[in-house]
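Dear colleague,

I am passing on a structure that will be new to you, and my notes follow below it. Please look through the sequence and the model before you read on.

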Amino acid sequence: MLEPPIDKIVTKIGCKYALCSLVTKRARFLLEKKPDVLDAAGRRAVTVASQEVFDGQIEVGIEE
């Protein structure tokens, strides 16, 4: 089970597609550029990225 729950994270972003895209990009970044963060946390990249979004550390940027 993903913690925090997806329903609570979606309310912060507003769109399931944007949430999926944001978490995926952040998880890939963590895997490629910051593996030490994952080792220290002892969690998977998607879990860390989801928690960062929930905590407000990462936000969606909309380009026009």
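**How the helices meet**

In this model, which is predicted, I6, I9, V10 and I13 in helix 1 meet K16, A18, L19 and L22 in helix 2. The residues of this contact between helix 1 and helix 2 divide into seven nonpolar and one charged, with no polar residue among them. The axes of helix 1 and helix 2 cross at roughly 100 degrees and come within 9 Å, which makes helix 1 roughly perpendicular to helix 2, given that angles from 65 to 115 degrees are counted in that class.

Helix 1, which covers residues 6-13, also packs against helix 4, residues 45-55, at an angle of about 50 degrees and with the two axes 9 Å apart. That angle makes helix 1 oblique to helix 4, and helix 1 passes helix 4 in a left-handed crossing. On the side of helix 1 the residues concerned are K8, I9, K12 and I13, and these meet S50, V53 and F54 in helix 4. By class, the contact of helix 1 with helix 4 divides into four nonpolar, one polar and two charged residues.

The remaining pairing to describe is that of helix 2, residues 16-33, with helix 4, where the angle is about 125 degrees and the axes lie 8 Å apart. Helix 2 and helix 4 are therefore oblique to each other, and their crossing is right-handed. From helix 2, the residues L19, L22, V23, R26, A27, L30 and L31 meet A45, V46, V48, A49, S50, E52 and V53 in helix 4. The contact of helix 2 with helix 4 has eleven nonpolar residues, together with one polar and two charged ones.

Some residues appear in more than one of these lists: I9 and I13 of helix 1 meet residues of helix 2 and also residues of helix 4, while L19 and L22 of helix 2 meet helix 1 as well as helix 4.

**The largest pocket**

Which residues line the largest pocket? The lining is made up of Y17, A18, S21, L22, K25, V60 and G61, and by class these are four nonpolar, two polar and one charged. The volume of the largest pocket is about 170 Å³. Two of the lining residues, A18 and L22, are also among those of helix 2 that meet helix 1.

With best wishes

Technical notes
Residues are numbered from 1 along each chain as its sequence is written. This is a predicted model: local features need pLDDT of at least 70, side-chain atom pairs count only at pLDDT 80 or more; totals for chains, interfaces and linings use all residues. Side-chain values use heavy atoms; hydrogens and water are left out. On a 1 Å grid over the protein atoms alone, a cavity is a set of points where a 1.4 Å probe fits but cannot get out, and a pocket is an open set with protein on both sides within 12 Å along at least five of seven lines; lining residues have an atom within 4 Å of a point. Grid points are joined across faces, edges and corners, and a volume is the space filled by probe spheres set on the points. Ala, Val, Leu, Ile, Met, Phe, Trp, Tyr, Cys and Pro count as nonpolar, Asp, Glu, Lys and Arg as charged, and the others, Gly among them, as polar. Axes are lines fitted to C-alpha atoms, for helices over the stretch in contact, and angles run from 0 to 180 degrees between N-to-C directions. Helices (H or I, at least four residues) and strands (E, at least two) are DSSP runs, numbered from the N terminus. Angles under 35 degrees count as roughly parallel, over 145 as roughly antiparallel, 65 to 115 as roughly perpendicular and the rest as oblique. A crossing is left-handed if the near helix is turned anticlockwise from the far one by less than a right angle, and right-handed if clockwise. Contact means heavy atoms within 4.5 Å.
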